[in-house]
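Good morning, colleagues. I should like to take a few minutes to go through aromatic contacts, cysteines and a surface patch. Please look at the sequence and the structure on the screen.

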Amino acid sequence: MKHEAVITKWSKKKGFGFIQAQGSRKQYFAHISEFNHRPRTKLVGKRVSFRLTKDKNGRDCACEIEVLHSSAKKVINAILWLLGLLLVCGLGFFSYNRYGNNPLPYWYLLLSFVSYYCYAKDKKSAQFDNWRVSEKKLHLLSFLGGWPGAFIAQKWLRHKTIKTSFQRVYWLTVIANCGVVAWAYSSTGKSYISPLWAKFAQGLGSELSLYVNYNLLPQVKTLLYQIWYAF
């Protein structure tokens, strides 16, 4: 159950303080690591929502702390996210018109959706103490091209934003992915990748053709016959 409170004391140097629940004089210990999103402003006097838990010594303390923003700030954030969504759609439309035969934009879009799903699943698993998505898998998805979706998931879901070691590796995967793509589009990269891609596409095309002719078409014909005789 979520409660609302006000931060009464906070030590920025030590990274902890105390919050006082509304309608109560009792104060609860709060640590910076329990914030869903690392705050960047002064915390004393800020309204927050939190859940009650117990520390190792059995004392009540706050967890899953979230700073409550004003209605105006929520509207501004919604407008910014809408503008970001329109920008992504515009870039997708531009890429389709100019690079219709280039699979790279669609690869990034696909991996971004997969990354976002994995972040959402991991956050939900963390809340219910279920099996987590490993950080190695999240970093691998980012390296393969899903880092835009991972970035959106981190900000939108407020997940994996506080852990410094995770953020360090995440940005390394972004730099590595961009470097690989830049090399692939260079003259050296094209001369190396183009023959491999042609062989792969040719082999994939032949395998796909065999599958369609010998597996998919007979199944479709059987299904059509069944539908025909059913009526």
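Tyr-28 has a relative accessible area of 10% and is therefore buried, since the limit for that class is under 20%. I should say at once that we are looking at a predicted model.

What else do we find in the whole structure by way of aromatic pairs? The search gives eight of them. In one, the ring centres of Phe-18 and Phe-29 are 5.9 Å apart and the planes meet at 75°, so this pair is classed as edge-to-face. Phe-18 belongs to strand β2, residues 16-21, and Phe-29 to strand β3, residues 27-31; the two are 11 residues apart, and the contact links distant parts of the chain. Phe-18 is partly exposed, at 31% relative accessibility, and Phe-29 is partly exposed as well, at 32%. Ring pairs also bring in Phe-16, which forms a cluster with Phe-18 and Phe-29.

Let me return to Tyr-28. Its ring pairs with that of Phe-50, with 5.8 Å from centre to centre and 45° between the planes, a tilted arrangement. Because Tyr-28 lies in strand β3 and Phe-50 in strand β4, residues 47-54, the pair ties together parts that are 22 residues apart in sequence. Phe-50 is buried, with a relative accessibility of 1%.

A further ring contact involves a charge: the charged end of Lys-160 sits over the ring of Phe-166, at 5.2 Å from the ring centre.

I turn now to the cysteines. How many disulfides does a search of the whole structure find? The count is zero. Consider Cys-63: the closest cysteine sulfur to its own is that of Cys-61, and the separation of 6.8 Å is too far for a bond, because a disulfide requires the sulfur atoms to be within 2.5 Å. Cys-63 is buried, with a relative accessible area of 13%. Cys-118 also counts as buried, at 16% relative accessibility.

Finally, the surface. Trp-107, Leu-110, Val-114, Leu-140, Phe-143, Leu-144 and Val-180 form a nonpolar patch there, with about 610 Å² of accessible area together. Helices α2, residues 104-127, and α3, residues 135-157, each supply at least two residues of this patch. One of the patch members, Phe-143, is placed in helix α3, and with a relative accessible area of 36% Phe-143 is partly exposed.

Thank you for your attention.

Technical notes: Residues numbered from 1 in each chain as written. Predicted model: local features only at pLDDT ≥ 70, side-chain atom pairs only at ≥ 80, totals over all residues. Heavy atoms only, no water. Phe/Tyr/Trp six-rings, centres within 6.5 Å; stacked < 30°, edge-to-face > 60°. Helix = DSSP H or I, 4+ residues; strand = E, 2+ residues; numbered from the N terminus. Buried < 20%, exposed > 50% of the residue type's maximum accessible area, 1.4 Å probe, protein only. Lys NZ or Arg CZ within 6 Å of the ring centre and 35° of its normal. Patch = residues over 30% accessible without salt bridge, like charges linked within 9 Å, V, L, I, M, F, W, Y side chains within 5 Å. Areas by Shrake-Rupley, 256 points an atom, 1.4 Å probe, with all protein chains shown as cover. Salt bridge = Lys/Arg side-chain N within 4 Å of Asp/Glu carboxyl O.
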